[in-house]
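Subject: A structure for you to look at

Hi there,

I am passing on a structure that I have been going through, and I hope you enjoy exploring it. Please open it first, and then read on with it in front of you.

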Amino acid sequence: MMKELDGMHTIEIIYPDDWHCHLRDGNALQTTVPLVAKQFKRAIVMPNLQPAVATAMDAMAYLGRIKSHIPEGVDFQPLMTLYLTEATTKDTIQEAKASGFVTACKLYPAGVTTNSAQGVNTLETLFPAFEAMEKAKLPLLIHGEVNDKDVDVFDREKIFIERYAQTLINTFPSLKIVFEHITTSEAVDFVKTAPFTVAATITPQHLLLNRNALFIGGIRPHHYCLPVLKRQTHQEALIKAATSGNPKFFIGTDSAPHAKSKKESFCGCAGIFSHHAALELYATAFDEANALDKLEGFTSLFGPRFYDLPVNTGKIRLTKENWEVPHTMTYEDESLVPFYAGLTLSWKVI
Ligand code: DOR
Ligand code: ZN
């Protein structure tokens, strides 16, 4: 139970987990790992490195590199994922399960987002892998957008759901499926009525912004992510879902750092970094919706329930206090511009 410590100025919730994020590799880990480990006890780590994390061996090596950046004495567990490619076989899945440290597998339709070139063009190619995942009880995490260039970029999630979601559920009825970073009312409606094997993660940017934020007096590359922000009615549907107390909707920041120069560029990368203030961003969104009492379920209870993992034991406190998000942070040999840079957040982790 969330505790109000002094009439809603300070709240205490069970330590959260992040069910979807990008930690990158190499020097980037110096920035990403200490920050994720500060606010979360566990995090599902996306496999879209180059080359992709496609086997248990790749995941083991990547896990080692992440672990070497966890600050001393900090209790943080990276939960590894495999990238499903056209070369993924039943054996790949069985080895992943046997490893004990692979928690889920990620489906990228080829070309839909950053480092997704190794994804799939035809979903059926992966049916043997999905069957093996269903048997092994490894959840399928989906970037739910079609890669069909004839489909309007704002409709790619809706069309993915129309074309593939029901078929997947019918064909693999006991496979657990997470529609990651959902952005539309169509996705909300689908997940709400789907069986209990289906859930969705929601990012802070899709709760706090809509597509107008891409064009405030000019083009705003730091608000560009994929799936792209949608119109206000979709934002409202996402806020409603996240704050409804429905356990099918839970946290997944999709924190996805890119160096400043890669965002502010001729062809800017998709991705928003939010691990500098993840909980504060969600708390601000829930507070604006008058739903702080629903925050703990979303951040700390529903994810573990879906993944069949224990709820964390420690507690974290947030206080109602205005603070300004820094304009830049150190990243790789350069800098990055974090989400809400230069703006004021009304909650702070203590
Ligand atoms: O905006 C995004 N950035 N969406 C994704 O799906 C991938 C991510 C990244 O890796 O940068
Ligand atoms: Zn992502």
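Below is what turned up, starting with two helices and moving on to some backbone details and the empty spaces. Please keep in mind that this is a predicted model.

**Helix 2**

Let's begin with helix 2, which covers residues 56-67. Does its length fit what you would expect at 1.5 Å a residue? Its 12 residues should span 16 Å, and the C-alpha atoms at its ends are 16 Å apart, so the two agree.

Which residues of helix 2 are buried? They are A56, A59, Y62, L63 and I66. These residues lie on the same side of helix 2, because the arc they cover around the axis is only 120°. There is a simple rule behind such a pattern: an α-helix has 3.6 residues a turn, so residues three or four places apart point the same way.

The next thing to look at is what that side packs against. The buried residues of helix 2 meet helix 1 (28-39) and helix 3 (90-99), along with strand 4 (42-45), strand 5 (77-83) and strand 6 (102-107).

**Helix 10**

Now turn to helix 10, residues 278-288, which is mostly covered. How many of its 11 residues are buried? The count is 10. They are A278, L279, E280, L281, Y282, A283, T284, A285, F286 and D287.

After helix 10 comes N290, which has a positive phi near 55°. N290 sits in the loop between helix 10 and helix 11, and it is a residue other than glycine. Is N290 buried or exposed? With a relative accessible area of 71%, N290 is exposed.

**Other backbone details**

D254 also has a positive phi, about 55°, although it is not a glycine. You will find D254 in the loop between strand 10 (249-251) and helix 9 (260-263). D254 has a relative accessibility of 6%, so it counts as buried; the cut-off for that word is under 20%.

Two peptide bonds are worth a look as well. The bond from Q50 to P51 is cis, with omega near 0°, and P51 belongs to the loop between strand 4 and helix 2. Another cis peptide bond joins L226 and P227, where omega is about -5°. P227 is in the loop between helix 7 (204-208) and helix 8 (232-242).

**Closed spaces**

Next come the empty spaces. Rolling a probe the size of a water molecule over the atoms shows where empty space is left. How many cavities of 30 Å³ or more does a search of the whole structure find? There are 3 of them.

The largest cavity holds about 120 Å³ of space. Its lining is made of 18 residues, and those nearest the centre are H22, T113, L226, D254 and A256. You have already met two of these names: L226 is part of a cis peptide bond, and D254 has a positive phi. By class, the lining has 6 nonpolar, 9 polar and 3 charged residues.

The second largest cavity holds about 60 Å³. Among the residues lining it are H222, A256, P257, H258 and K263. The classes here are 8 nonpolar, 3 polar and 1 charged.

**Open pockets**

What is the volume of the largest pocket? It comes to about 560 Å³. The lining of this pocket has 25 residues, with K97, T103, K137, P139 and Y307 nearest its centre. Helix 2, strand 5, strand 6, helix 4 (127-136) and helix 11 (295-307) each give two or more residues to that lining. The largest share, 3 residues, comes from strand 5. Sorted by class, the lining of the largest pocket contains 13 nonpolar, 5 polar and 7 charged residues.

The second largest pocket has a volume of about 410 Å³. It is lined by 20 residues, and R24, N48, L49, Q50 and N115 lie nearest its centre. Q50 should be familiar from the cis bond to P51. The lining of this second largest pocket divides into 9 nonpolar, 5 polar and 6 charged residues.

Happy exploring, and do write back with your questions!

Best wishes

Note on methods
Residues numbered from 1 in each chain as written. Chains lettered and ligands numbered in written order. Predicted model: local features only at pLDDT ≥ 70, side-chain atom pairs only at ≥ 80, totals over all residues. Heavy atoms only, no water. 1 Å grid on protein atoms, 1.4 Å probe; cavity = no way out; pocket = protein on both sides within 12 Å on 5 of 7 lines; lining within 4 Å. Points joined across faces, edges and corners; volume = space filled by probe spheres on them. Nonpolar A, V, L, I, M, F, W, Y, C, P; charged D, E, K, R; others polar. Helix = DSSP H or I, 4+ residues; strand = E, 2+ residues; numbered from the N terminus. Expected span 1.5 Å × (residues − 1). Buried < 20%, exposed > 50% of the residue type's maximum accessible area, 1.4 Å probe, protein only. Arc of directions from axis to C-beta. Contact = heavy atoms within 4.5 Å.
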